[in-house]
Structures are given as structure tokens and as C-alpha cells.
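Let's take a walk through this one together, starting from the empty space and working out to the helices around it. Have the model open and turn it as you read.

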Amino acid sequence: MVAALPSLLVPLGCWFLRTEPVLALTGRRGAPARLLAEASSFITPISARPSGSSLTATELFPTTASIRSRPRTSLSHLPIMNTLIQTAFTHLEALLRFVAVLQLGLAVLSFFLPRIMKWEGDISRMSLLVRDVFTIHSWFISITLIIWGVLTWRFAPEMAHAPTELSRWLCGAMGLFWGIRCVLQWTHYSPAHWRGIPSRTVIHWVLFFGYAAWTTVYAMAALQTGRVL
């Protein structure tokens, strides 16, 4: 069983591999733009080829002189990157279940957050309307996280292996939610809340990387096309 790679992820993979997405997506209709940009020489010039014809292995490779003149680039990291991406898609169901458990934990934690953070005094000084709005919004955020956690846990197999249009849109919505939350961790919260305070600095970074990881997992599920033999 090999995880199918969604076409939308091909450009990302090709960026890591430093190659052209069109070669993977449309095959013989692709021209090696990177080699042409480096003024590589070909036995049969690309411009002289008949329309729709395929490149042979002999024609595709540049001459020895052009290879020697090109700067060398280390590609030792590419197999590792490819393996990590493939492993993530292979274990996508387990990742979704892990995210579901973490969301349920965050939902429960949110109910006790004012007590844990010692916000009772600040909340008591709010006006009645602001205090009620704050409380209701906190409850509904926790309820939303519980619903998302339960749905993710229950439908993780379908999301990972047999996605439907509905599951992809649902994962896309949750990924967008956590992506925005990840951005707000830097753009909304003042650094004065955590900078210079080791414990809060750790919490800040843990939340940032955690939300980024959740965003990535849901984005993978949203782009997943299922498994093929």
C-alpha cells in the first residue's frame, strides 16, 4: 500500500527536489526549464523537436561540457525529506487521532484556564456584560474543540484513507482555523507577555509549534486523495 500523492503537493515536493512539477504532472510535454536556463547543450535542441514528441534518455541529458560548467549542489537531504513526507502520509490516520486527543485535552484545560492562570481577580473587575461574554465565548471555544476532537477521532480512517468531499472541506476548515491561530500567536499577542520569562517563553513556543503541526496534519488530510495499491 502506497499513499497517493495529491497533485497539489507535487509543486511542493518538486521545490524540495529542485525540479520541474510539469515533468511529474504532464510528463512528455515538459521541458527542462532549469537546464535550459543554465544554457545546457542538448543533442537535439528542444525548440527543434516536433510538437508532442517525447524526450529520449539520450536527448534529455546535457553534454559533458555543460555538466562540468554547472555548479555542484549537494542533494543529500532529499531522500530524507522524501521519506519524511511519505511517512507522514502513511501514518496520517495516527496523526489525526493524536491531534484529536490533544484538542480534547486543550478543550478540558480551557474550562480551568482562568483558575490555572490566576485570572479570577482580573475577571471579577470586568463589567458584568464583558464578564458574561468572556465566559460564554470560553465555553463555546471548548465545546467547539470537543466537537472537532470527537469528529477527527471518529472519522480519522475515512479522512486518511478514503476521503470524501465533505471530509476534505472539514479538514480544510479546521486546518485554516489552526493556521490563523498560529499566525495570531505572533501578530496579536504582545511579546511583553512572555519575553524574558522562561516559563511563558516555553509555553509560547510550544503553542506556536503545536498549532503549526495541527495545521499541517489537517492540511495533509484536506489534500489527501486516498490510497492506491
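Which helix gives the most to the lining of the largest pocket? That would be H13, with eight residues. Bear in mind as we go that this is a predicted model.

Let's stay with that pocket for a moment. The space inside the largest pocket comes to about 1,400 Å³. Its lining is made up of 32 residues, and the ones closest to the centre are Leu113, Trp119, Arg181, Tyr189 and Leu207. By type, the lining splits into 21 nonpolar, nine polar and two charged residues. H13 has company here: H7 (92-111), H8 (113-116), H10 (128-154), H12 (165-187) and H13 (198-223) each put at least two residues into the lining.

Now zoom out to the whole chain. You're looking at 229 residues, of which 25% are buried. The secondary structure amounts to 13 helices and two strands. Take the contacts between residues at least 6 apart in sequence, and 67% of them join residues at least 24 apart.

Back to the helices, beginning with H13. How far apart should its ends be? With 26 residues at 1.5 Å a residue, H13 should span 38 Å, and its end C-alpha atoms are indeed 38 Å apart, so the two figures agree. The buried residues of H13 include His204, Phe208, Tyr211 and Trp214, and further along the helix Met220, Ala221 and Ala222.

H12 can be checked the same way: its 23 residues should span 33 Å at 1.5 Å each, and the end C-alpha atoms sit 32 Å apart, which agrees. Its buried residues are Ser167, Cys171, Met174, Gly175, Trp178, Gly179, Arg181, Cys182 and Gln185. Arg181 may ring a bell, since it is also one of the residues closest to the centre of the largest pocket. What do the buried residues of H12 pack against? Their partners are H7, H10, H11 (156-161) and H13.

H10 passes the length check too, with 27 residues that should span 39 Å and end C-alpha atoms 39 Å apart. Ser142, Leu145, Trp148, Gly149 and Thr152 are buried in H10, and the buried residues of this helix pack against H7, H11, H12 and H13.

For a close-up, find arginine 97, which is in helix H7. Buried or exposed? Neither, quite: its relative accessible area is 22%, so arginine 97 counts as partly exposed. Leaving out residues up to four places away in sequence, arginine 97 touches Trp153, Ala156 and Pro157. Proline 157 is 60 residues away along the chain, yet the two C-alpha atoms are separated by 9.2 Å. As for tryptophan 153, the side chain of arginine 97 reaches its backbone oxygen at 3.0 Å.

One last stop is lysine 118, in the loop between H8 and H9 (120-124). Check its backbone: lysine 118 has a positive phi of about 60°, although it is not a glycine. How open is it to the outside? Its relative accessible area is 67%, and because exposed means over 50%, lysine 118 falls in that class.

Terms used:
Residues numbered from 1 in each chain as written. Predicted model: local features only at pLDDT ≥ 70, side-chain atom pairs only at ≥ 80, totals over all residues. Heavy atoms only, no water. 1 Å grid on protein atoms, 1.4 Å probe; cavity = no way out; pocket = protein on both sides within 12 Å on 5 of 7 lines; lining within 4 Å. Points joined across faces, edges and corners; volume = space filled by probe spheres on them. Helix = DSSP H or I, 4+ residues; strand = E, 2+ residues; numbered from the N terminus. Nonpolar A, V, L, I, M, F, W, Y, C, P; charged D, E, K, R; others polar. Expected span 1.5 Å × (residues − 1). Buried < 20%, exposed > 50% of the residue type's maximum accessible area, 1.4 Å probe, protein only. Contact = heavy atoms within 4.5 Å. Polar contact = N/O pair within 3.5 Å; in protein donor to acceptor, adjacent residues only side chain to side chain.
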